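Me: Could you take me through one part of this protein in some detail? I'd like to look at how neighbouring strands are joined, and then at what lies elsewhere in the fold.

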Amino acid sequence: MNRKRFLALLLVVAVVAAYSARVYAVNKGVAKEYSIESFAVGDEISLGDAVLTVEDVRFGEETEEQHGQEWIQCTVTMELENTSEEAISKVKAIETKLAYGRDVYQTNQGDFDINALLNMEPGKQEKIELTYEVKAEDRQGQGKLYIVQDLYPELVEKTYKQGKRYGMAVEF
C-alpha cells in the first residue's frame, strides 16, 4: 500500500512538472508591457514605408436615436503618403478603430479609393475619410484613434522582441 501511494504521488508530481514546463515554454516570449505611442491631430506618423497624418476630426450636427441611445456621425480625415521606393499596400488604414473610454467603434463607411490604397505608387498621397457612428455623449469626451498594427509590422516586431507590445494612437 505504501509503495502504491508513493508511485501515485510521483506520477502526480511528474504530471504537474511537465504541465508547468509547458506553460512556461508557451508564455516565455509573450510581451509583458504595453507601449502605446500617442500623437496629436496634425502630427506626421512614420509607419516605416509610409507617413500617416490625421488632419481633422469633426462631428456631424444631426443625432439619430436607435435603441434608446443618441448617435452622431464622427468623420476622421487622414492623408497617407508612400515614402518608399516601391509600390505598397496600405489598405488596412481603413480598419483604424475610434475609441472613447470603453466604447470602441469601427467602420467601413467613408470616402476613400480602395484600389489606390491597395497599390500606392512611390511618392503617392491618398486622402482617407472615415465616418463612424458614435454615441452623441462621446462628443464631449477624450477620443483616440488606434492605428492598425498591420501598417507598421517592423516596429511591432522590434518592440515585441524587447518584451513590449507596441501600438500607435492619435488623441483628440
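**Strands E2, E3 and E4, and beyond**

Reply: Happy to. Let's begin with one pair: Ile45 sits opposite Leu52 of E3. Keep in mind that this is a predicted model. Ile45 falls within strand E2, residues 44-46, which pairs with strand E3, residues 50-66, in the antiparallel sense through three bridges. Three residues separate E2 from E3 in this hairpin, and Gly48 in the turn has a positive phi of about 95 degrees.

Follow E3 onward and you come to a second hairpin, with two residues between E3 and E4. In this turn, His67 has a positive phi of about 55 degrees. Strand E4 covers residues 69-82 and runs antiparallel to E3, with 13 bridges joining them. One of the paired positions is Gln66, whose bridge partner in E4 is Gln69.

Now for the loop between strand E8 (125-135) and strand E9 (143-147), where you will find Asp138. Asp138 is buried yet has no salt bridge. Its nearest side chain of opposite charge, Lys135, is 6.0 Å away, whereas a salt bridge needs a distance within 4 Å. Leaving aside residues up to four places away in sequence, Asp138 touches Tyr100, Asp103 and Tyr105.

E9 also leads us to the largest pocket, which holds about 200 Å³ of space. Strand E1 (33-40), E9 and strand E10 (164-171) each give two or more residues to its lining. E10 provides the largest share, four residues. Among the lining residues are Tyr34, Tyr146, Arg165 and Met168.

Conventions: Residues numbered from 1 in each chain as written. Predicted model: local features only at pLDDT ≥ 70, side-chain atom pairs only at ≥ 80, totals over all residues. Heavy atoms only, no water. Pairing = 2+ DSSP bridges. Buried < 20%, exposed > 50% of the residue type's maximum accessible area, 1.4 Å probe, protein only. Lys, Arg positive; Asp, Glu negative; His and termini not counted. Contact = heavy atoms within 4.5 Å. 1 Å grid on protein atoms, 1.4 Å probe; cavity = no way out; pocket = protein on both sides within 12 Å on 5 of 7 lines; lining within 4 Å. Points joined across faces, edges and corners; volume = space filled by probe spheres on them.
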